[in-house]
Amino acid sequence: MEKKQKKFLTVAPFECAWRDDLRFKEAGRGCVAFEAFAHNDVTVVFREQLGSQHYHYKRDNSPHYTVIIGSHRNRRLKIEVDGITTVDEAGLGLCCSSAFQSYWISICDGLISIGKGRYPFQNLVFQWLDTKPNCSVQYVGLSSWDKHVGYRNVNVIPLTQNHISLWKHVDCGEYNGEDDMEEDLRDEFGNFDNHQGLGSFLESWELSDVYFIVGKEETAVPAHKVILAAVDSFDLSLLNQDFISIKDVTYPVLHAFLRFIYTGFTQIPESLLSSVRDLSVRFGATSLVKQCEEVIERFKLNKKLFDSGKNIEISYPSSQPHCGVASFPLGLPVNVQRLEQFYATGEFSDVDVSIEGHGLIARSHKVILGLWSLPFMKMFTNGMSETVSSEISLTDVSPKAFKIMIDYFYNGGFNLEDNILLLELLLLADQFGVSLLHQDCCKTLLERLSEGWNSTIG
């Protein structure tokens, strides 16, 4: 892989960082989510046009919004409109000088919302409505005042047509953020350990490209198109847009549904069983429909089954024996043939992988690459260009071996007669941290060495 020079972006005092990709898809409407490390003054600027490195909002005469988290030596939250202070609140959303903290700022037709935590549209800290909104702001600048500020994991997220509802969200237990000190103590690869399998991505904004608007509270729940699309006979027409509105469904029902898809297991009270079944019918998750109906029939025959008051446990019936390490999509209601079809056609793909000197190798899905490979996961979430780009370019990689490795991600197997290529695949699996593929390569090599030794003896 190309060597990354910096893990995050550092902005010097009185400067501003601008990138072409940090831009709202729709002028006047968008959300920027990021992590920042600062002693004070985390400053984000929203302009109609790109600024320069030495841009500073104090000298800008063009229309713009400026949000300053930790103004006045980390004591206040400020919002400026065209250089004029319109909001000056004490003690809100302050910075941390000992660790990176997560923030999000959204603008929607003059409604500026500011929140803390990893999940956009959750943990709202402050809101302000501009009565004369600037609906042309589009570019996002990351700035500083008199001290260096570090930024990472910067992502621009589009809003939906029912954008106003996105700020009515209330926290659900499943969304609770984690203490920054706990985040600091994590392994450098972050939250995603491939031994946890697809469950690591359950209701995670990381690499998500679709979300549900659920319940009367209109809570936003993230998901991944290619995963949903590969479930049984999932209705693909639902994935033609970036959100799925199911306001007639409660969050616990959707959570049970998604948990079954991402982990192959879910728990629900009897009272919600029919609702989960109905949602599964609606989306085409036939395996969950079958499981729910079987439980419902058992209850009809013996109502005492639920006397204990415990939640009903539903598991996906895997025909394959479980091994020590979770293997995708083993034990999940994911149709491998559908998954391979999406890979072959590039449907729902969000990243093109090229190898220097060989051109395009694969049109893939970030969630699949990140699921198998922690180095890929880091690449897509560390705030570097690959985080928001739909293209990555690799160097010094065998194109044939790399293509076989990507195929393995989608079908879980390989068949190689060429021992040299098998060695290249083994080294590639080690380079990208794909432990299961590494084990399979080692096993195949040992078998062939054993066969060769036996034939020599014979």
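Select D396 to begin, and you will find this residue in the loop between β20 (391-394) and α11. In this predicted model, D396 has a positive phi of about 55° although it is not a glycine. Most residues other than glycine have a negative phi, which is a reason to pause here. Is D396 buried or exposed? Its relative accessible area is 76%, and because values over 50% count as exposed, D396 is exposed.

Now move to L207, which sits in the loop between α2 (180-184) and β13 (210-214). Here again phi is positive in a residue other than glycine, with a value near 65°. The surroundings should be checked as well: L207 has a relative accessible area of 12%, so it is buried.

Return to the end of the loop where the tour began and select helix α11 (residues 399-411) together with helix α7 (residues 336-345), whose axes come within 9 Å and cross at roughly 145°. To see where the two helices touch, show the side chains of V336, L339, E340 and Y343 in α7, which meet K403, I406, D407, Y410 and N411 in α11. Sorted by class, this contact has 5 nonpolar, 1 polar and 3 charged residues.

Next, colour the largest nonpolar core, which has 87 residues, and pick out those with the most contacts inside it, namely F212, F257, F328, I368, F402, M405 and F409. The largest share of this core, 9 residues, is contributed by helix α4 (residues 251-263). Which residues is F257 in contact with, once its neighbours within four places in sequence are left aside? They are F234, L279, S280, F283, A285 and L288. Another core, of 32 residues, lies apart from the largest one, and V11, F24, A36 and I105 are among its members.

For the last stop, select strand β4 (residues 42-47), which is mostly covered, since 6 of its 6 residues are buried. In a regular strand the side chains alternate between the two faces of the sheet. Turn the view until you can follow V42, V44 and F46 pointing one way from β4, while T43, V45 and R47 point the other way.

Then add the strands that pair with β4. Strand β5 (residues 64-70) runs antiparallel to β4 and is joined to it by 6 bridges, whereas strand β11 (residues 139-143) pairs with β4 in the antiparallel sense over 5 bridges. A useful residue to centre on is V44, whose bridge partner in β5 is V67 and whose bridge partner in β11 is L142.

Key. Residues are numbered from 1 along each chain as its sequence is written. This is a predicted model: local features need pLDDT of at least 70, side-chain atom pairs count only at pLDDT 80 or more; totals for chains, interfaces and linings use all residues. Side-chain values use heavy atoms; hydrogens and water are left out. Axes are lines fitted to C-alpha atoms, for helices over the stretch in contact, and angles run from 0 to 180 degrees between N-to-C directions. Helices (H or I, at least four residues) and strands (E, at least two) are DSSP runs, numbered from the N terminus. Contact means heavy atoms within 4.5 Å. Ala, Val, Leu, Ile, Met, Phe, Trp, Tyr, Cys and Pro count as nonpolar, Asp, Glu, Lys and Arg as charged, and the others, Gly among them, as polar. Buried means under 20% relative accessible area, exposed over 50%, partly exposed in between (1.4 Å probe, protein chains only). Two strands pair if DSSP finds at least two bridges between them. A nonpolar core is a set of buried Ala, Val, Leu, Ile, Met, Phe, Trp, Tyr and Cys residues joined through side-chain atoms within 4.5 Å.
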